[in-house]
Amino acid sequence: MTEDYESVSLVKPEVFVYRIPPLGNNRGHKAADWKLDAPDWSGRMRLVALGKKLELRLEDKTTGDLFAKCPIEEYPSLAVEPVSDSSRYFVVRLMDDNGRSAFIGLGFADRG
(Lines give C-alpha, C1' and ligand atoms only; values in the text may rest on other atoms or scores of the structure.)
Protein backbone atom coordinates (compact mmCIF):
# COMPACT_ATOMS: atom_id res chain seq x y z
CA MET A 1 0.00 0.00 0.00
CA THR A 2 1.50 3.33 -1.05
CA GLU A 3 0.52 6.59 0.54
CA ASP A 4 0.07 9.62 -1.74
CA TYR A 5 2.67 12.33 -1.38
CA GLU A 6 1.24 15.52 0.08
CA SER A 7 2.31 18.78 -1.59
CA VAL A 8 1.18 22.26 -0.49
CA SER A 9 0.27 24.30 -3.59
CA LEU A 10 -0.92 27.52 -1.93
CA VAL A 11 -1.10 29.07 1.55
CA LYS A 12 -3.29 32.06 2.41
CA PRO A 13 -2.45 33.20 5.96
CA GLU A 14 -5.82 34.90 6.51
CA VAL A 15 -9.23 33.83 5.20
CA PHE A 16 -12.75 34.46 6.48
CA VAL A 17 -15.65 32.02 6.75
CA TYR A 18 -19.30 33.09 6.66
CA ARG A 19 -22.62 31.38 7.22
CA ILE A 20 -24.54 31.96 4.03
CA PRO A 21 -28.28 32.15 3.38
CA PRO A 22 -29.83 29.40 1.26
CA LEU A 23 -29.83 30.07 -2.46
CA GLY A 24 -33.31 31.36 -3.21
CA ASN A 25 -33.09 32.27 -6.89
CA ASN A 26 -31.22 31.58 -10.11
CA ARG A 27 -28.92 34.62 -9.86
CA GLY A 28 -26.35 32.76 -7.80
CA HIS A 29 -24.73 33.66 -4.51
CA LYS A 30 -23.80 37.26 -3.69
CA ALA A 31 -21.22 38.17 -1.06
CA ALA A 32 -23.19 41.35 -0.35
CA ASP A 33 -25.88 39.12 1.25
CA TRP A 34 -23.40 37.91 3.90
CA LYS A 35 -22.32 39.78 7.03
CA LEU A 36 -18.89 40.63 5.60
CA ASP A 37 -17.92 42.78 8.59
CA ALA A 38 -18.57 39.89 11.01
CA PRO A 39 -17.06 36.60 9.80
CA ASP A 40 -18.07 33.46 11.71
CA TRP A 41 -14.47 32.16 11.68
CA SER A 42 -11.07 33.25 10.43
CA GLY A 43 -7.89 31.29 9.96
CA ARG A 44 -5.41 29.98 7.41
CA MET A 45 -6.18 28.22 4.14
CA ARG A 46 -3.91 25.64 2.53
CA LEU A 47 -4.45 24.09 -0.88
CA VAL A 48 -2.95 20.60 -0.71
CA ALA A 49 -2.33 18.14 -3.55
CA LEU A 50 -2.64 14.49 -2.52
CA GLY A 51 -1.49 12.48 -5.51
CA LYS A 52 -4.00 13.44 -8.21
CA LYS A 53 -6.52 14.89 -5.73
CA LEU A 54 -6.75 18.46 -4.48
CA GLU A 55 -8.03 19.48 -1.05
CA LEU A 56 -8.72 22.93 0.37
CA ARG A 57 -8.03 22.92 4.13
CA LEU A 58 -9.10 25.57 6.63
CA GLU A 59 -6.83 25.56 9.67
CA ASP A 60 -6.31 27.45 12.91
CA LYS A 61 -3.69 30.19 12.34
CA THR A 62 -1.81 29.41 15.56
CA THR A 63 -2.07 25.66 16.12
CA GLY A 64 -2.60 24.42 12.56
CA ASP A 65 -5.56 22.31 13.75
CA LEU A 66 -7.97 21.41 10.95
CA PHE A 67 -11.25 23.40 11.06
CA ALA A 68 -12.77 21.99 7.86
CA LYS A 69 -11.83 20.64 4.44
CA CYS A 70 -13.14 20.69 0.89
CA PRO A 71 -12.15 18.02 -1.65
CA ILE A 72 -11.89 19.53 -5.15
CA GLU A 73 -12.30 17.36 -8.24
CA GLU A 74 -12.56 20.24 -10.74
CA TYR A 75 -13.14 24.01 -10.91
CA PRO A 76 -15.68 25.47 -11.23
CA SER A 77 -17.89 22.84 -9.64
CA LEU A 78 -20.11 22.44 -6.60
CA ALA A 79 -16.95 22.24 -4.50
CA VAL A 80 -15.87 25.85 -5.18
CA GLU A 81 -18.14 28.41 -6.87
CA PRO A 82 -17.42 32.09 -7.45
CA VAL A 83 -20.00 34.61 -6.23
CA SER A 84 -21.61 36.94 -8.74
CA ASP A 85 -20.50 40.24 -7.16
CA SER A 86 -16.86 39.85 -6.04
CA SER A 87 -13.56 38.25 -6.99
CA ARG A 88 -12.49 37.75 -3.34
CA TYR A 89 -15.42 35.59 -2.17
CA PHE A 90 -16.47 32.05 -3.02
CA VAL A 91 -19.03 29.45 -1.93
CA VAL A 92 -17.24 26.31 -0.76
CA ARG A 93 -18.71 22.86 -0.09
CA LEU A 94 -17.10 21.47 3.04
CA MET A 95 -17.17 17.71 3.45
CA ASP A 96 -16.30 15.58 6.46
CA ASP A 97 -14.95 12.03 6.44
CA ASN A 98 -18.50 10.65 6.75
CA GLY A 99 -19.64 12.35 3.52
CA ARG A 100 -21.72 15.04 5.22
CA SER A 101 -21.45 18.41 3.52
CA ALA A 102 -22.20 22.06 4.25
CA PHE A 103 -21.91 25.19 2.12
CA ILE A 104 -20.06 28.20 3.52
CA GLY A 105 -18.84 31.54 2.25
CA LEU A 106 -15.07 31.94 2.01
CA GLY A 107 -13.40 35.31 1.68
CA PHE A 108 -9.81 36.40 1.15
CA ALA A 109 -8.14 39.44 2.71
CA ASP A 110 -6.62 40.35 -0.69
CA ARG A 111 -7.38 39.75 -4.36
CA GLY A 112 -4.06 37.97 -5.03
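1. The seven strands form an open sheet in the order S4-S3-S2-S1-S7-S6-S5, with antiparallel pairing; strands here are DSSP runs of E of at least two residues, numbered from the N terminus, and two of them pair if DSSP finds at least two bridges between them. The edge strands, each pairing on one side only, are S4 and S5, and the twist from one strand to the next averages 35 degrees.

2. This is a predicted model, in which local features need pLDDT of at least 70 and side-chain atom pairs count only at pLDDT 80 or more, while totals for chains, interfaces and linings use all residues. Residues are numbered from 1 along each chain as its sequence is written, and side-chain values use heavy atoms, with hydrogens and water left out.

3. The mean pLDDT (the predictor's confidence in each residue, from 0 to 100) is 91 for the protein, and 96% of the residues score at least 70.

4. S2 and S3 are joined by seven bridges in the antiparallel sense, and Met-45 has Leu-58 of S3 as its bridge partner.

5. The largest nonpolar core (buried Ala, Val, Leu, Ile, Met, Phe, Trp, Tyr and Cys residues joined through side-chain atoms within 4.5 Å, where buried means under 20% relative accessible area with a 1.4 Å probe, protein chains only) has 18 residues, and Leu-56, Leu-58, Cys-70 and Leu-106 have the most contacts inside it. At least two residues of this core come from each of S1, S2, S3, S4, S6 and S7.

6. Beyond its neighbours within four places in sequence, Leu-106 has contacts (heavy atoms within 4.5 Å) that include Val-15, Trp-34, Met-45, Leu-58 and Phe-90.

Note on methods:
Buried < 20%, exposed > 50% of the residue type's maximum accessible area, 1.4 Å probe, protein only. Helix = DSSP H or I, 4+ residues; strand = E, 2+ residues; numbered from the N terminus. Axes fitted to C-alpha atoms, helices over the stretch in contact; angles between N-to-C directions.
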